[in-house]
Every structure is written in C-alpha cells, then in structure tokens.
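Got the viewer open? Let's take a short walk through this structure, one selection at a time.

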Amino acid sequence: MPRRLELLLIADVHYVREAEHVCPIPARHAALGLELLRRVRLRAARGPRLDAVVLMGDLVDNGDAAGAECDLAALAEETAKLGVTTLVVPGNHDGPTERVLRLFGDAPGVHRVAGYQLITFADAYAPDDRAARLPADLHLLAEAAADRPDEPIVALQHSPIHPSIAGEYPYNLTNAGEVMAAYRQAGVRLSLSAHYHPGLAPQPVDGVWYATCPALCEAPWRFIRVSLDGDAVTVREEPLRLTGVSAPLVDHHMHTHYAYCADDVNPTASLQRAEQFGVDRVYFTEHAGQLYLSPEDYWGGLFRRDAACLRRERAAGRDRMGPYRAEMTELRSPRVGLGLEVELDADGELTLLEEDRDDWDFLLGAVHSLRGVSNEGLTASEAARRFMAETERIVGLGLDVLAHPFRIFRRSGREAPAELYEPVAQLLAAHGVAAEVNYHTNEPDPRFFERCLAHGVRIALGTDSHGLWEVGELSPHLELLRQIVSDEDLPRVLYWNAGTPRSQT
Ligand SMILES: [Zn+2]
Ligand SMILES: [Zn+2]
Ligand SMILES: [Zn+2]
C-alpha cells in the first residue's frame, strides 16, 4: 500500500546570468532565477517532509545560448542543497535534453518513490515549439502500469495535456487526446505540467487529475505542493510573495552594505525585493558597533574590553556613522525607516555615542555574546544566569526592540533555557520593549512569544537580512504567529512604528 506522497514542483524559472542572452519578456524576472530557487529551497527546508522535488522545465530562458550550461549547473547546485530526490522534466527552453538531465543527475522514465511511480517524459520540441508524445513513451507508461498495478502513477511533463489552451502559441502536446486516452487506460492518478505560466488548477477527466504548475519567474513567484494519499489528490499553490495578512507587514531588521557580515544586500535592491515579496515597510538597522570600528576590532570584540574605543575612532575620524546616517536619511520615506542594532560595551552601556542617539526610528538591542566570558565554557545554569543579567542590563537602556531573544544559546549549540521565557517576557513588559521574531541562523520558540503576548509585549518581525534572498521572507515568522495568535488579533500584537524619530516621542 503506497503511503502519502509529498512533492514540491518548481516550473519555468527562465534563469539568465552567464548565458549570452537577454530575456525578451520583462515579466519573466530572468536574473532572479537562482535567488528564487534559493528562496523556495529555504522555505521547503522549513516545511513539511518532502519525498521529491520536481523541476518542471524551462529552467533557463535560452539553453542554446553560450554560457547557459553554467546557469543550469548553478541551479542544479542550489537544488542539491535540499538533499531531497530531484527529478527534472526538460522544457523547450532548456537546450539539449541530455545535458539538462546530466547536470541534475536524472533520466526520463519511471522513478519509484514512496510506493508511487513518478514517470517523467522528455517530449521532443520542434523548432516551432510543438511537441508530440512519442509512441515509445506511451508504451513505457502502459508497461509500468501493467508491471506494478499497486503503485499509482503520476505523469510529469513540461507541456500541458489538459485543458486545451486557446491561442496561437502551441501550449498543449499536439497529440494530447491520444495521451489522455493512454493515461486513462494506465490508470494515471495525476498528470502534472508546466509551460503555461499562469498555471491551471487541477481538473479531473475520466478519473485522471490534470494540473499545471505556474511559473516561478513571474510575480507572485509561485510553486506548488502536491500530496497524494490513497485516492485523494491535493495541489496547493504557494507564492513566495506574502499575501492575505491582516496587518501591514513590517520588517524591523535589515542590514546594508555597511555591515561587515553583509552578503549581497544594498538598500536599492533590498527595497525592490521588499516590494516584490509583499513587505509594506522596512527598517534598516545597521550594527552600530560595526559603524564605529574596523572589522578587526569589531570581530575581535574590542568594545567588550575597552569601552573608550568608540570615542577614539570618532575622534580620529575613522568611524562610518556619519556616512551611514546621511546615506540612509536620503532613503527615509513612509516605507523606509532607520534604526540601529546596538550591543553592550565593556561598561555595560550601549555601543552608541551620546551624540549619535537621536533621530533613529528605533533601537534594536542584541545580546550577541556574554561579556567577559566565553559562553561555550560555562555550565548551562551559569550561561543562563549571565544571559539574564545581560538582557536585564540592555533592556533597561532605552531599547525599543530586543533582537532575536535567546539566539545566543542556539549559536553556542545549547538549548534555550525555557525557564527564562517567563522572566524575560516580564522584563520586556516592564520596560515597554518589543520582542523580535527572527529566523536568521535561528529557530525561535513559540512558547517564549506566547509568554510575551500574555504580558502584552508587542512582537516585531525581523528578517535580519544580510543577503538579498532573505529580504521579505517573513513567512516563517507568520507561521509562528499563527500558532499563538488569531489572524484578527495580529494588528494588535505586532510592534509597529509609524516612523516618528525617537527624539520626538
Ligand atoms: Zn516552456
Ligand atoms: Zn550581521
Ligand atoms: Zn542583525
């Protein structure tokens, strides 16, 4: 008896980076392809168990262009990071079929997964983009059905089989009618296609379900999840863009090119991403310590040993606070606010000079380490005690939001001390400080945020974006909130800053 089958399908990525080719259709965000795939991968890694990922073709926009192989290889490398069985269905844009299959280590035909037969077809496209299913492939299908009647069949191909799509472009296989007859005869449970970018919801014909996966390369960047369980077929579309949230979405934690730990973020591209992925307002919150110090001094933790170092860098004119503030102030708008991520210095004060404190929309305070000791060398109870002392100290210094509470434990390979959830929630409530949900190298515990809500502590959402692929990805944050708060209460519990600089409140 086959068990439940869980598939994730990605279609029509149309990626162009190294290929000597310009995608002629702007709606296809060809340059984003690899990043979109990465976003899907990261979301999939948090989602339910998967039996296989299927790439449904048109991975690149022009597989015949010089350099397209590099682009395909980059997509293959990204997909492999999921660590899940990957099937590939070649599309009409992918160039030589044998090459795309080789790069992904796949072959057309029967793949036996979780008690099902996933049959992929590499239909050959003529230069006018027409394709017909070959008799040999239909024969293979009949054989598979006869050989393993107890293993239901899922058929996968690039071109839609049903319904027939009107218009001049030949979307459907030219012998779709013949294919449908063969699918019915073989008892195919579900037929999945791509190629038609809007996608098509599942429809049954003679006991066979037909669905078409929408294109990933076009907003709102959709992929699909498919579940089969006995006779039940579920096809669920999931956009990367966040929709249907009952509150304005605000990302309270974004880094910039000023961060020494930045990957490829820069404000222009980050703002574009925020818009593309459904975030209404963002705050740039750079590491204040990094704005004062050189990379060597910051990473060496100089400010935790020598509180005067920030002042010295300022006096020597070496700090970057001025340029950061000037550059970011230009961007301030109803959609863009400015903050700083601050820490404790050697004296237990914020890593922020007095004259630099005004005119930020808010301060985000972080406990990135326990001052004076190596966290790793402590017993669990000693680490918990010191963490609480650091948190009490920083929360009392005029913060608005506590960044990634308890992340320090995960970073040092420990479990967060759940016995501190209640006292930290009470502490935040007493000081009117919000708690940040943050998934950047972090796995926050909903039980802590439940305690926060019980004490009326507001919740801020932060991607802590250091790379563009993280910008706007508040989906795990919303998933956490769904576990502890109703949708209608969401606007009430979220920390919201209308953009009034702190000095004016
Ligand atoms: Zn296509
Ligand atoms: Zn950072
Ligand atoms: Zn940060």
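On the side of helix 5 away from its buried residues, G177 and Q185 are exposed. Keep in mind that this is a predicted model.

**Stop 1: helix 5**

Start by selecting residues 176-186, which make up helix 5, and colour its buried residues: A176, V179, M180, A182, Y183 and A186. Now look down the axis of helix 5: those buried residues fall within an arc of 165°, so they line one face of the helix. As a rule, an α-helix has 3.6 residues a turn, so residues three or four places apart point the same way.

What covers the buried residues of helix 5? Show helix 4 (135-147) and strand 6 (153-156), which are part of the cover. Then add strand 7 (190-193), strand 8 (200-205) and strand 9 (208-212), which are also included in it. Before moving on, click on G187, just after helix 5: G187 has a positive phi of about 70°.

**Stop 2: two helices side by side**

Next, select helix 12 (residues 380-395) together with helix 14 (residues 421-431). Their axes are 10 Å apart and the packing angle is about 10°, and an angle under 35 degrees counts as roughly parallel, so helix 12 and helix 14 are roughly parallel to each other.

Turn on side chains where the two meet. From helix 12 come F387, M388, T391, E392 and V395, and they meet P423, V424, L427, L428 and H431 of helix 14. The residues of this contact divide into 7 nonpolar, 2 polar and 1 charged.

**Stop 3: aromatic rings**

How many aromatic pairs does the structure hold? There are 17. Zoom in on Y283 and F362, an edge-to-face pair with 5.0 Å centre to centre and 85° between the planes. This pair links distant parts of the chain, with Y283 in strand 13 (residues 281-287) and F362 in strand 15 (residues 362-365), 79 residues apart. Are they buried or exposed? Y283 has 0% relative accessibility, so it counts as buried, and F362, also at 0%, counts as buried too.

Now pick F406 and F448, another edge-to-face pair, with 5.0 Å centre to centre and 75° between the planes. F406 sits in the loop between strand 16 (401-402) and helix 13 (407-411) and F448 in helix 15 (residues 446-454), so this pair ties together parts that are 42 residues apart in sequence. Both F406 and F448 are buried.

For the last selection, take F387, F406, F409, Y421, F448 and F449: ring pairs link them into a cluster. You've already met F387 in the contact of helix 12 with helix 14.

Conventions
Residues are numbered from 1 along each chain as its sequence is written. Chains are lettered from A and ligands numbered from 1 in the order in which they are written. This is a predicted model: local features need pLDDT of at least 70, side-chain atom pairs count only at pLDDT 80 or more; totals for chains, interfaces and linings use all residues. Side-chain values use heavy atoms; hydrogens and water are left out. Buried means under 20% relative accessible area, exposed over 50%, partly exposed in between (1.4 Å probe, protein chains only). Helices (H or I, at least four residues) and strands (E, at least two) are DSSP runs, numbered from the N terminus. The arc is that of the directions from the helix axis to the C-beta atoms. Contact means heavy atoms within 4.5 Å. Axes are lines fitted to C-alpha atoms, for helices over the stretch in contact, and angles run from 0 to 180 degrees between N-to-C directions. Angles under 35 degrees count as roughly parallel, over 145 as roughly antiparallel, 65 to 115 as roughly perpendicular and the rest as oblique. Ala, Val, Leu, Ile, Met, Phe, Trp, Tyr, Cys and Pro count as nonpolar, Asp, Glu, Lys and Arg as charged, and the others, Gly among them, as polar. Rings of Phe, Tyr and Trp (its six-membered ring) pair if their centres lie within 6.5 Å; planes under 30 degrees apart count as stacked, over 60 as edge-to-face and the rest as tilted.
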